[in-house]
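Q: I have a model open and would like to learn how to read its cysteines and its sheet. Where do we begin?

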Amino acid sequence: MSTTTDVPARLAEVIGSKRIVAAAEELETYAVDGRLPGAIVRPVSTEEAIEVVRFARTEKLAILPLGGRSKCEVGMTPDRYDIALDMTGLREIAHYDPGDLTLSVDAGMRLRELEIHLKQHGQVLPLAVPCFESATVGGSVSCGIDSALRLQYGSVRDFVIGAEFIDGTGQLCKSGGRVVKNVTGYDLHKLLIGSLGTLGVLTRVNFRTYPLPAISGGYVACFGNAQEALVFKKAVEKSGLPLANLELFDQRAARMIHAILARTEEASLPELEREEWCAYGSFEGSEEVVRRIGGELEKITRESGTGHSRILEPAEDVVLGGMLRESFEWLRWGAPATLLCRLALPEVTEKVSTELSQLAGSLGLASAVIVRAAGIVYLGVFAETENEEAITALQKMATSAMAIARSENGHATLLHAPLMVKRSVVGANLSQAQTGLQQRVKQAFDPSGVFAPGRVVGGI
């Protein structure tokens, strides 16, 4: 078994010193909750990545596969972290058939780079996830964060049609295929979605692509309280209008967006500064379709008898849509100590949004709520210090969010929190996760525990 100090030298014997980094300043940039790896490996081929996994298995070392490293703190801190396997060197398009709307791409390709390539062929991959500029294909699949376009296109599991990955024995595995209609075998690649690199190393992902819309439009409506906003949301959903996105956000979230725009001198959206609740809708299609949907949304707002609304200018739509896509990023850095939870509910009611805000207030904490399609709620809770009192309050808030989600037949996931909050709230559920279905799946994919042992998903 290798010790931490000789890991770089031993790895250099396996794949060459050019792929190994052990400088202290670089190791710091790969930290996960303050825990540093013993070495960074940057393979440029699947074969090199396989050799690293086999080496780690033989030497009983722990690997954490990484991409753009924008969401490293999601999930629990690994118990051991010997090797950071940086997959950004694998960034080729292995197969692309525009006519068949299918794509096979290496896991290390950045989403922005892929978007530019697809746009040249009049197509798009609707993976609108936060940290879009730095996020990679493999990282976006592994972290399982929502796409802002899930209302129209579904989540990533709806357009991932296959994958290649290295399992814990160092074998290259394939699941699914390159075509949309795939009727044989099990969709094992779906288990890798949201697995945080604990089951295998994604090397390639196959997607279904979509035609690039001719134009898009944006709409904003403002309301005096959560009930009015939710009534509007229900009316829009009942209308059957084909929206790409529909999100509600409270005053705190609106003011955070407004403040960021003021600093960056982007398009001004004055209504975000003064309203209690806002709704944003985006829609795509031909010019005629976009114009019709905008008109229908204005009609729904008038018929509701509350609030006011307007069609956004194209630049405003790009800015507001982009800000909501990036809500995970700016919510988690909204204060010196922040709790960010994702609640998945059968239905989002006024009771839920009100209880969440009132609970935060009763604990002396500020909060922001964003309601996304399909019953997804993002809750940001902010403390101005990270002292013992604030940590205790955030712990109580996380526990309360869990209780509210369960009372509504849903569940909650902790996306970001101070380490002490993670350990106390998520750690309480570790024994159940380690003996339940999650651990049995882990054992099947990674029998030797090579991949990030202890890094369970942050369910609460």
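Q: Is Cys131 buried or exposed?
A: This is a predicted model. A residue counts as buried when its relative accessible area is under 20%. Cys131 has a relative accessibility of 8%, so Cys131 is buried.

Q: Why is Cys131 not bonded to Cys143?
A: A disulfide needs two cysteine sulfur atoms within 2.5 Å. The closest cysteine sulfur to that of Cys131 belongs to Cys143 and is 8.5 Å away, which is too far for a bond. Cys341 is in no disulfide either: its nearest cysteine sulfur, again that of Cys143, lies 16 Å away. The count of disulfides is zero.

Q: What is the relative accessible area of Cys341?
A: The value for Cys341 is 0%, so this residue is buried.

Q: In what order do the strands of the open sheet run?
A: Eight strands make up the sheet, ordered 15-12-14-13-17-18-16-19, with antiparallel pairing. From one strand to the next, the twist averages 15°.

Q: Which strands stand at the edges, and why is one side of each left without a neighbour?
A: They are strand 15 (308-311) and strand 19 (411-416). Each has a single partner strand, so one side has no neighbour in the sheet.

Q: How many bridges join strand 13 and strand 17?
A: Strand 13 (residues 243-250) pairs with strand 17 (residues 366-372) over two bridges, in the antiparallel sense. Opposite Phe249 stands Ile370 of strand 17.

Q: Which strands does helix 11 lie across?
A: Helix 11 (residues 314-325) lies across strands 12, 13, 14, 15 and 17. Relative to strand 14 (277-285), helix 11 runs at about 110°.

Note on methods:
Residues are numbered from 1 along each chain as its sequence is written. This is a predicted model: local features need pLDDT of at least 70, side-chain atom pairs count only at pLDDT 80 or more; totals for chains, interfaces and linings use all residues. Side-chain values use heavy atoms; hydrogens and water are left out. Buried means under 20% relative accessible area, exposed over 50%, partly exposed in between (1.4 Å probe, protein chains only). Two strands pair if DSSP finds at least two bridges between them. Helices (H or I, at least four residues) and strands (E, at least two) are DSSP runs, numbered from the N terminus. Axes are lines fitted to C-alpha atoms, for helices over the stretch in contact, and angles run from 0 to 180 degrees between N-to-C directions. Contact means heavy atoms within 4.5 Å.
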